[in-house]
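Let's take a friendly walk through a protein model, one region at a time. Keep the picture open beside you as you read.

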Amino acid sequence: MTRTHKGWLSQRSKGKYYPAETPGINGTFYLWLTTPAGQHPVNLHTTDLATARQRAALLTLSLETPATPRDPTAFLNAILDLAQWARTRLAQNPAAKPLPSPFLDDVWPRFATLYATGPHTLTAYRLHWRRFQSWATQNRHTTFADITPAVAQTYATHLTAQKTSAPRDIQTLRRIHRTLLPQAPNPFENLRLPPRPSPVNRKYRRLTHDEILRLDTSFATHAPHPEYRLALHLAYTYGLRIGSVVTLTRADVNPRHHTIYHIPPKTRHRKPHPLALPLTPPIRQLLRHCPARGPLLPNLHALYQHSRSRLADTIHTLFTHARITSDPSGHASFHSLRATFITLMDEANAPFSVTDSITGHAPQSMHQRYSQPSLKIKLHWMNLALPPLPPLPPPKERPAAIPVLNLSSLFLPRPKKT
């Protein structure tokens with residue numbers, strides 16, 4: 001980390017601290033101060049290294065005058081006062097103030113320096129700004145003074161005609177103008193915008209048994225890695241989401257109790273209760289293909305952590321090879337296996353409490369909430385409801401627990417639309 005007069009400069013992204021010069025992080029800079037009370041990070045409210053060094057110098061320089069308190073609470077209060085003083089000092093600096101009407105080419109660097117937000121949000125804002133800057137340049141607008149309410153309304157109409165999210169783009173431009181020119185009239189206020197579309201409740205359709213067999217053939221033939229077929233069998237047997245499938249670990253499997261204990265990632269924070277899934281004979285055969293330690297599907301787990309979109313595109317390609325597409329009855333995707341499992345359990349007249357205890361859905365009544373079906377009952381209804389899939393070939397040897405290093409070999413490109 002960069003050493004300052006009385007501390008270290010680092011940048012934070014996704015809850016982790018990195019050295020200040022680490023490329024590609026684009027995180028918020030923090031100044032770590034060392035005192036008798038310990039080390040304390042101070043948020044510098046910037047993602048620009050030069051600005052962070054300037055603010056760190058102001059803070060460390062101001063710490064030389066008063067004596068550092070030994071009480072941790074008093075020290076933190078002093079740091080908060082110094083941070084406020086530093087922001088006031090920067091605001092009074094004429095070099096830090098924006099020009100009355102900055103050129104469009106100078107807007108984004110200044111806004112990115114002054115506005116404190118996360119890297120992902122800043123990336124979205126930059127996309128909105130580049131879109132507006134390209135349009136304004138084509139229409140010969142060079143400064144913010146050229147953007148009148150009429151021009152802003154014309155741009156909003158242009159976004160609507162291009163079927164772009166006009167409210168989000170206009171909100172970003174409104175925020176940029178407020179940050180750089182807080183005293184000037186904001187041309188992006190009070191624009192006539194189309195109403196935001198209401199969220200669509202996407203319905204996933206169930207798959208027929210013939211489609212399941214075609215899908216199994218597609219995963220066995222066209223998948224770039226055998227773990228895709230294992231993921232298909234797990235999702236079909238238990239109705240699991242893709243996030244639950246790829247995060248299953250060997251520690252979740254309890255062969256002594258013939259059970260898989262798993263907490264779904266989607267509900268892990270608000271409902272950290274494990275689901276008890278019975279081990280079926282096909283799943284026992286499947287576990288012979290999985291490593292003895294770590295994730296059951298280490299390669300898909302690594303790809304899921306690296307790029308979920310790549311994994312989704314590959315699964316979409318495999319569905320296309322199986323000739324399974326969406327229709328008016330619902331959307332066809334990997335989540336359709338969950339809809340298929342629930343539908344087959346309902347058609348077999350399985351109690352709701354049994355299905356909900358496997359899928360993890362919220363119970364529909366107090367009776368189902370207190371009902372706890374045994375593993376034997378769950379296995380009975382699953383064997384009664386689910387048609388069997390083709391068996392997996394026996395493994396030649398137990399795979400290694402270390403995932404492959406070349407993640408590009410694990411995904412397929414999304415097929416082009418004709």
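On one side of helix H16, Lys-376 and Leu-384 are exposed, where exposed means over 50% relative accessible area, buried means under 20%, and partly exposed lies in between (1.4 Å probe, protein chains only). H16 spans residues 375-385, and its buried residues are Lys-378, Trp-381, Met-382 and Ala-385. They sit on the same side of H16 because they cover an arc of only 100° around the axis. That arc is taken from the directions from the helix axis to the C-beta atoms. Helices (H or I, at least four residues) and strands (E, at least two) are DSSP runs, numbered from the N terminus.

A word on what you are looking at: this is a predicted model, in which local features need pLDDT of at least 70 and side-chain atom pairs count only at pLDDT 80 or more, while totals for chains, interfaces and linings use all residues. Residues are numbered from 1 along each chain as its sequence is written, and side-chain values use heavy atoms, with hydrogens and water left out.

What do the buried residues of H16 pack against? Their partners are helix H8 (227-238), strand S8, helix H13 (336-347) and helix H14 (352-359). Contact here means heavy atoms within 4.5 Å.

Let's follow S8 next. This strand covers residues 275-278 and runs antiparallel to S7, with 4 bridges joining the two. Strands count as paired if DSSP finds at least two bridges between them. Across this pairing, Tyr-261 stands opposite Ala-276 in S8. Leu-275 and Leu-277 point one way from S8, Ala-276 and Pro-278 point the other way, and all are buried.

S7 (residues 259-262) also pairs with strand S6 (residues 253-254), again antiparallel, through 2 bridges. Val-253 has Ile-260 in S7 as its bridge partner. S6 and S7 form a hairpin with 4 residues between them, and His-258 in the turn has a positive phi of about 55°.

Helix H14 holds Asp-356. Is this residue buried or exposed? Asp-356 is buried, with a relative accessible area of 13%. Its C-alpha atom is separated by 9.7 Å from that of Leu-275, although the two residues are 81 residues apart along the chain.

Now for the nonpolar interior. In soluble globular proteins, nonpolar side chains tend to be buried together. A nonpolar core is a set of buried Ala, Val, Leu, Ile, Met, Phe, Trp, Tyr and Cys residues joined through side-chain atoms within 4.5 Å. The largest core in this model has 56 residues, and Leu-215, Tyr-228, Tyr-238 and Met-345 touch the most other members. H8 supplies the largest share of this core, 8 residues. Leaving aside neighbours within four places in sequence, Tyr-238 is in contact with ten-odd familiar places in our tour, including Ile-260, Leu-277, Pro-278, Ile-358 and Met-382. A second, separate core of 26 residues includes Ala-112, Ala-136, Ala-156 and Leu-181.

Aromatic rings come next. Rings of Phe, Tyr and Trp (its six-membered ring) pair if their centres lie within 6.5 Å; planes under 30 degrees apart count as stacked, over 60 as edge-to-face and the rest as tilted. The structure holds 8 aromatic pairs. One of them joins Phe-132 and Phe-188 edge-to-face, at 5.8 Å centre to centre with 80° between the planes. Phe-132 lies in helix H4 (residues 119-138) and Phe-188 in the loop between helix H6 (166-180) and helix H7 (209-221), so the pair ties together parts that are 56 residues apart in sequence. Both Phe-132 and Phe-188 are buried. They belong to one aromatic cluster with Trp-129, Trp-135 and Tyr-155.

Finally, look at the charged side chains. A salt bridge is a side-chain nitrogen of Lys or Arg within 4 Å of a carboxyl oxygen of Asp or Glu, and by this rule the count comes to 8. Asp-169 and Arg-131 meet in one of them (2.6 Å, N to O). This pair links distant parts of the chain, with Asp-169 in helix H6 and Arg-131 in helix H4, 38 residues apart. Asp-169 counts as buried at 1% relative accessibility, whereas Arg-131 counts as partly exposed at 29%.

Asp-210 forms a salt bridge with Arg-214, the closest N and O atoms being 2.6 Å apart. Both lie in helix H7, 4 residues apart, about one turn of the helix. Salt bridges that share partners also join Arg-174, Arg-178 and Glu-189 into one network.
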